[in-house]
Amino acid sequence: MVSVATHGVPAGLRWKPRMGTMYAQSAGEHAGLSRKPAPWRRSASFRAGSRQRDSFRTQLRLGRRGLAIGIDIGGTKVAAGVVDAEGRILSEARRSTPGTDPRAVERVIVELVEELGRAHRIRSVGIGAAGWMDLDGGTVLFSPHLAWRNEPLRASLQQLLRRPVLLANDADAAAWAEWRFGAGQGEDRLVCITLGTGIGGAMVMDGRVERGRFGVAGEFGHQVIMPGGHRCECGNRGCWEQYASGNALGREARILARSNSPMAQDLLAAVDGRAETITGAVVTDLALAGDTASRELIEEVGEWLGLGLANLAAALDPGLFVIGGGLCSAGDLLVEPARKAFARNLTGRGFRPAAEIELAALGPNAGLIGAADLSRVAGRSRA
Ligand SMILES: [Zn+2]
């Protein structure tokens, strides 16, 4: 194991990962004690990933024909788009989410596909939603915002749409899109974290979405990071998403605003003194405009983010974390503290290569693009 840790190494000799480089120096290199390449640099198998990746890309090229529709079902809106094989959105349409009734959601999906399908020849449809899908992409096991419980949605939609349909978890779809067309291109071991009201998690490993034995992997937001901490929607206490999410940022800002601290003056002024209306987005905007208190609040969230990423690195050892979701508009104000906290908490630091942490590239359309592309790739493998 790499958990040799740095306890025996004088602090001055400990190596801090240099984020922005894929692989790290060894402690010895840093201290000028040795110029010998680190063991992982000498290993031939270390580069095997890129050869594997080339073969995945070759396979995927075979499927690069035809257009697909991607549909992202959120708690408030349903976004759909025609996506080409390069991940470009050719046209878009939107509807409000029609409550939680599965049949009403199906009708909206059919409407959107008919509307977009008039001007384009569509081969397949990919649908991304929060929740758990079975490994086959045919049945929604559970969706938190919709009344889908063990719903064989694909079979009924394929009948209605007369095209192949694939169901995907929204975080999985976004991760796939970032791997194919965004910030994760070229990385064989990718972990994607989506920071919104909570935390969405997904992995793309060796050219496929890794979903675990039962299709429900990636619930990173519910790792307990503070036993006995804030109550989470999942029922547990102290989940990571209660500390590193847009909701967490909003909650901490409201607490600060109610504290009567002079630091919170600008925050309160921005919401006309109504502390209860402060959200993560309000704090992010103020931070970007230079407000010190808001910047500190985001820095705190960034530190929690980095700590959780270090835990994930200990378990999964990815080459890259891609950070997406609404909170990413804070940019470096969020990611820099996360990188520092990650470097401080990474197990075996100083004696191992470290993952990079980068912002997502595709923005809020990543889920839609990924769902469309997954349906195209799945269609090819079934053919
Ligand atoms: Zn939880």
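The protein chain has 12 helices and 13 strands. Keep in mind that this is a predicted model. Of the 383 residues in the chain, 44% are buried. Now the contacts between residues at least 6 apart in sequence: 65% of them join residues at least 24 apart.

Let's start with the sheet. It is open, it has 5 strands, and the pairing is mixed. The order is β11-β10-β9-β12-β13. At the edges sit β11, residues 208-210, and β13, residues 356-359. Each of those two pairs on one side only. From one strand to the next, the twist averages 30°.

Walk across it with me, beginning at β11. Its partner is β10, and the two run antiparallel over 3 bridges. One bridge pair here is V204 with V209 of β11. The hairpin of β10 and β11 has 2 residues between the strands. In that hairpin, look at D206: its phi is positive, near 50°.

Next, β10 itself, residues 199-205. Is this strand enclosed or open to the outside? Of its 7 residues, 6 are buried, so β10 is largely enclosed by the rest of the structure.

On to β9 and β10. These are antiparallel too, joined by 7 bridges. V204 comes up again, this time as the bridge partner of L190. So what links the two strands in sequence? A hairpin, through 3 residues.

Then the direction changes. β9, residues 189-195, pairs with β12, residues 320-324, in the parallel sense. That pairing has 5 bridges. If you want a residue pair to find on screen, take C192: its bridge partner in β12 is V322.

As a reminder on strands in general: side chains in a regular strand alternate between the two faces of the sheet.

What lies across β12 and β13? Helix α11, residues 332-345. It runs at about 165° to β13.

That brings me to α9, residues 280-288. Its buried residues are G280, V283, T284, L286 and A287. They cover an arc of only 165° around the axis, so they sit on the same side of α9. The helix rule is worth recalling: with 3.6 residues a turn, residues three or four places apart point the same way. What covers this buried set? The cover includes α7 (246-258), α8 (265-270), α10 and α11. After α9 comes G290, and its phi is positive, near 110°.

Last topic, the core. The largest nonpolar core has 103 residues. Which of them touch the most other members? I69, I71, I127 and A175. By element, helix α10, residues 292-316, gives the most to this core, with 11 residues. And where does the core lie? Domain 1 is 61-178 + 365-382, and domain 2 is 188-361. Both give residues to the core, so it lies between them.

Let me zoom in on I71. Leave out residues up to four places away in sequence. I71 then touches V78, A80, I109, L112, V125, I127, L368 and A371. I127 is on that list, and I127 is also one of the residues that touch the most other core members.

To recap: a mixed, open sheet of 5 strands, a helix α9 with its buried residues on the same side, and a nonpolar core that lies between the two domains, because both give residues to it.

Technical notes:
Residues numbered from 1 in each chain as written. Predicted model: local features only at pLDDT ≥ 70, side-chain atom pairs only at ≥ 80, totals over all residues. Pairing = 2+ DSSP bridges. Helix = DSSP H or I, 4+ residues; strand = E, 2+ residues; numbered from the N terminus. Axes fitted to C-alpha atoms, helices over the stretch in contact; angles between N-to-C directions. Contact = placed C-beta atoms within 7 Å. Core = buried A, V, L, I, M, F, W, Y, C linked by C-beta atoms within 7 Å. Buried ≥ 20, exposed ≤ 12 C-beta atoms within 10 Å, placed from the backbone. Domains from an automatic or database assignment. Arc of directions from axis to C-beta.
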